[in-house]
Amino acid sequence: MPRYSREFKETIVQKMMPPNAQSIAQIHRDTGVSEPTLYNWRNQYKNKGKAVPADPSNPENWSAQDKLAVVIETASLNEQALSEYCRKKGLYAEQIMRWKELALAGYEGTGRLSANERRELQRTKKQKRQIEKALKRKEKALAETAALLVLSKKCHAIWGEAEEE
């Protein structure tokens, strides 16, 4: 089993990142490193928090984890460093800003409810249960009425024939 240097691994992973964005199959053909090893290296870099997307051709199709990694990597960069980062990765600054806004919106959306909102939610749930209960009761009554109508039609049909004889 061959051992690869850290520098070699980093250059290979750089080939996976935009703007190079070579597929793992292509890198395997070029270098001879097995595909499972390449996937393992990519996953190791992802787990370290570095953005190594699975689909480098379209950053909008990246996973939420990759997008968040990019937002975290760029959080402390100034405008010039951000522009350089974007050129290096094949991204746009507007994309990163939008991803940041989406991440913050998702985080803010999971906050706790206020006391009034909790009471309103409980009231709504109670009203929903009451409506469902009334609906079940009315469905049962409707089914019973339909059964009685069918039964009465059958009885008239049977009795009507008996009266003619």
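Which residues does Lys67 touch, not counting residues up to four places away in sequence? In this predicted model, the residues touched by Lys67, outside that sequence window, are Pro59, Glu60, Trp62 and Trp99. The report returns to this residue after an account of the overall fold and of two helix pairs.

## Overall architecture

The protein chain contains 7 helices and 0 strands, and its elements, read from the N terminus, follow the order α-α-α-α-α-α-α. Of the 165 residues in the protein chain, 21% are buried.

When the contacts in the protein chain with a separation of 6 or more are considered, 43% of them are accounted for by residues 24 or more positions apart.

## Helices α1 and α2

Helix α1, which spans residues 6-16, and helix α2, which spans residues 24-31, have axes that come within 10 Å of each other and cross at roughly 140°. An angle over 145 degrees would count as roughly antiparallel, and α1 and α2 are therefore oblique to each other. The handedness of the crossing of α1 and α2 is right-handed.

On the α1 side the contact involves Ile12, Lys15 and Met16, which meet Ile24, Ile27 and Thr31 on the α2 side. By residue class, the contact of α1 with α2 consists of 4 nonpolar residues, 1 polar residue and 1 charged residue.

## Nonpolar cores

The largest nonpolar core is made up of 10 residues, namely Ile12, Val13, Met16, Met17, Ile24, Ile27, Val33, Leu38, Trp41 and Tyr45. Two or more residues of this core are given by each of the elements α1, α2 and α3, the last of these covering residues 35-47. Ile12, a member of this core, touches Ile27, Thr31, Leu38 and Trp41 when residues up to four places away in sequence are not counted.

Another core, of 9 residues, lies apart from the largest one, and among its members are Val70, Leu82, Cys86 and Trp99.

## Helices α4 and α5

The axes of helix α4, residues 64-74, and helix α5, residues 79-89, come within 11 Å and cross at roughly 145°. In this pair, Val70, Glu73 and Thr74 of α4 make the contact together with Leu82, Tyr85 and Lys89 of α5. The residues of the contact of α4 with α5 comprise 3 nonpolar, 1 polar and 2 charged. Val70 and Leu82, which take part in this contact, are also among the members of the 9-residue core.

## Lys67, Gln95 and Ala103

Lys67 is located in helix α4, and Lys67 counts as buried because its relative accessibility is 18%, where the cut-off for burial is under 20%. Gln95 belongs to helix α6, residues 93-109, and with a relative accessibility of 10% Gln95 likewise counts as buried. Pro59 and Glu60 are touched by Gln95, not counting residues up to four places away in sequence, and Pro59 and Glu60 also appear in the list of residues touched by Lys67.

Ala103 is another residue of helix α6, and with a relative accessible area of 33% Ala103 is partly exposed. Although Ala103 and Ala64 are 39 residues apart along the chain, their C-alpha atoms are separated by 8.8 Å. Ala64 falls within the residue range 64-74 of helix α4.

How values were computed
Residues are numbered from 1 along each chain as its sequence is written. This is a predicted model: local features need pLDDT of at least 70, side-chain atom pairs count only at pLDDT 80 or more; totals for chains, interfaces and linings use all residues. Side-chain values use heavy atoms; hydrogens and water are left out. Axes are lines fitted to C-alpha atoms, for helices over the stretch in contact, and angles run from 0 to 180 degrees between N-to-C directions. Helices (H or I, at least four residues) and strands (E, at least two) are DSSP runs, numbered from the N terminus. Angles under 35 degrees count as roughly parallel, over 145 as roughly antiparallel, 65 to 115 as roughly perpendicular and the rest as oblique. A crossing is left-handed if the near helix is turned anticlockwise from the far one by less than a right angle, and right-handed if clockwise. Contact means heavy atoms within 4.5 Å. Ala, Val, Leu, Ile, Met, Phe, Trp, Tyr, Cys and Pro count as nonpolar, Asp, Glu, Lys and Arg as charged, and the others, Gly among them, as polar. A nonpolar core is a set of buried Ala, Val, Leu, Ile, Met, Phe, Trp, Tyr and Cys residues joined through side-chain atoms within 4.5 Å. Buried means under 20% relative accessible area, exposed over 50%, partly exposed in between (1.4 Å probe, protein chains only).
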